[in-house]
Amino acid sequence: MSLSNGRHYLAIPGPSVLPDAVLQAMQRPAPNIYTGELVDLTHGLIPDLKKIARTQHHVAMYISNGHGVWEASLTNMISRGDTVLACLSGAFGEGWADVAEKLGAKVQRLDFGKTIAIDPAKVEQALRADTDHSIKVVLVTHVDTATSLRNDIKAIRAAIDATGHPALYAVDCVASMGCETFEMDAWGVDVAIAASQKGLMTPAGMGFVWASDKALAVGQTSDMRTPYWDWNLRTDPTHLYEFFGGTPPTQHLYALRTAVDMMMDEGMENIWNRHAVLAGAYWAAVDAWGQGGDLTLNVADPAQRSHAVTALKLTEPDGTRLRDWLTEHMGVTLGIPLGMAAWDAPEWHGYFRIGHMGHLNAQMVLGVIGAIETGFIALGIPHGTGGVTAATQFLASQVGTVTTPAEAGGCCSG
Ligand SMILES: *Cc1c(COP(=O)(O)O)cnc(C)c1O
């Protein structure tokens, strides 16, 4: 007998759960890519993608994953030999920095380790020390999906402003866009990047780069621009074949349209609040479990924790045992660790992650929490009791603070 039949829940931090409506939107014959519906649909996506990032400025779409838009953003912003200040709080920040280095930039790394967020004061210090303004871009990862640290994007902007340094401010929002509060214009972000398969609830395969007027102006002189990644070619979708640097991502565009419709109906504030409350249910459960065992959250300070992903640790090999058991017996799959220990090190088997981004609701989260607690009992993993109860009590206390889609009036401006 198995208890894992029924709909499997892939609770990893991307790719996230695909809404049925998104999947259904893709079930259609190949559309004409030169005129008609697909052109109109792509035109219509641009203002809505700007609403998601809260910007009046520009957005470029690519057939790409997150790694692709790491490269797209960098090649448009910098020239060979330019210095990039890479602020690191986990493996994804390191990944973006490595791409910059391989492209030919000088990379100055400001590494904050794996358990605390980027300190804006240190960013300020580094920029003040750069008296000849050789740093052209400051790279920050909003949510580092490996550590589940969430950086304070607004505070880092204030630190940059305090120095008067002219560097561009670029933020990796792959894990956070459509999950965490993000205000591109109000927070003074010049470049933001995202990919389709996380908060945007669309299959992997599309990448997005939002850019300010300032970034576009700086980019005019970049000597790294290439025919595929050049964002100047991706402003007007009248000719989709040119806009996408070749054949457009046909079925993905229908999927994205449906996912974005869902987001506009819910409203960005409601989406952000939903993620915050559901993350809080996980934290409440982990707090209870941690009372009687060695389960710990990677990020101690709640203000620095992501609402989209949670990184955790047990004594090895219980992280791996738990993950395997949940997949086999409960029908839910949690995420493997990234960047916390070497793949072949014993400690690797202590870490694991839970993805809670995009298309998810309270019963899904309670299902995972209940499944984890069941796994602790079945596997004899020491833990405090009452994780499920703590989560239910927390959620009960929050109901009413989250606006339902009906209350939001299906509006999209907010
Ligand atoms: C997932 C992720 C990436 C990489 O995206 P891919 O689509 O896997 O290339 C980059 N940055 C962050 C913060 C991510 O979460």
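User: How many residue pairs are in polar contact between domain 1 and domain 2, and what makes a pair count?

Analyst: In this predicted model, the count between the two domains is 17 residue pairs in polar contact, with both residues at pLDDT 80 or more. A pair qualifies when N or O atoms lie within 3.5 Å and, within protein, one can donate a hydrogen and the other accept it.

User: Happy with that. Which elements supply the side of domain 1 that touches domain 2?

Analyst: Helix α10 (268-290) and strand β12 each supply at least two residues of that side. The largest share, five residues, comes from α10. By class, the residues of this side of domain 1 divide into 15 nonpolar, 11 polar and three charged.

User: Why is the pair R54 and E269 called a salt bridge?

Analyst: Let's set the value against the cut-off. The side chains of R54 and E269 meet at 2.6 Å, N to O. The limit is 4 Å between a side-chain nitrogen of Lys or Arg and a carboxyl oxygen of Asp or Glu, so the pair R54 and E269 qualifies.

User: How many salt bridges does the rule find across the interface of domain 1 and domain 2, and how many does the structure hold?

Analyst: Across the interface the rule finds one, while the structure holds 19. Another salt bridge joins the side chains of R7 and D20 at 3.3 Å, N to O. That pair links distant parts of the chain, with R7 in the segment before β1 (9-11) and D20 in helix α1 (residues 20-26), 13 residues apart.

User: How do you know what area is buried between domain 1 (9-16 + 268-407) and domain 2 (31-265)?

Analyst: Buried area is the accessible area that the two parts lose on being put together, summed over both. Here the value is about 2400 Å², of which carbon and sulfur atoms give 57%. M268, W272 and Q304 supply 27% of the area that domain 1 buries against domain 2, more than any other three residues. In terms of contact, 29 residues of domain 1 meet 30 residues of domain 2, and the C-alpha centres of the two domains lie 28 Å apart.

User: What makes β12 and β14 a pair of strands?

Analyst: Pairing takes at least two bridges, and five join β12 (residues 309-313) to β14, so the two count as paired. They run antiparallel, and L312 has F352 in β14 as its bridge partner.

User: Why are β11 and β14 at the edges of their sheet?

Analyst: The open sheet has three strands in the order β11-β12-β14, with antiparallel pairing. β11 (296-297) and β14 (351-355) each have a single partner strand, so one side of each is left without a neighbour in the sheet.

Methods: Residues numbered from 1 in each chain as written. Predicted model: local features only at pLDDT ≥ 70, side-chain atom pairs only at ≥ 80, totals over all residues. Heavy atoms only, no water. Helix = DSSP H or I, 4+ residues; strand = E, 2+ residues; numbered from the N terminus. Domains from an automatic or database assignment. Contact = heavy atoms within 4.5 Å. Buried area = accessible area lost by both parts, 1.4 Å probe. Polar contact = N/O pair within 3.5 Å; in protein donor to acceptor, adjacent residues only side chain to side chain. Nonpolar A, V, L, I, M, F, W, Y, C, P; charged D, E, K, R; others polar.
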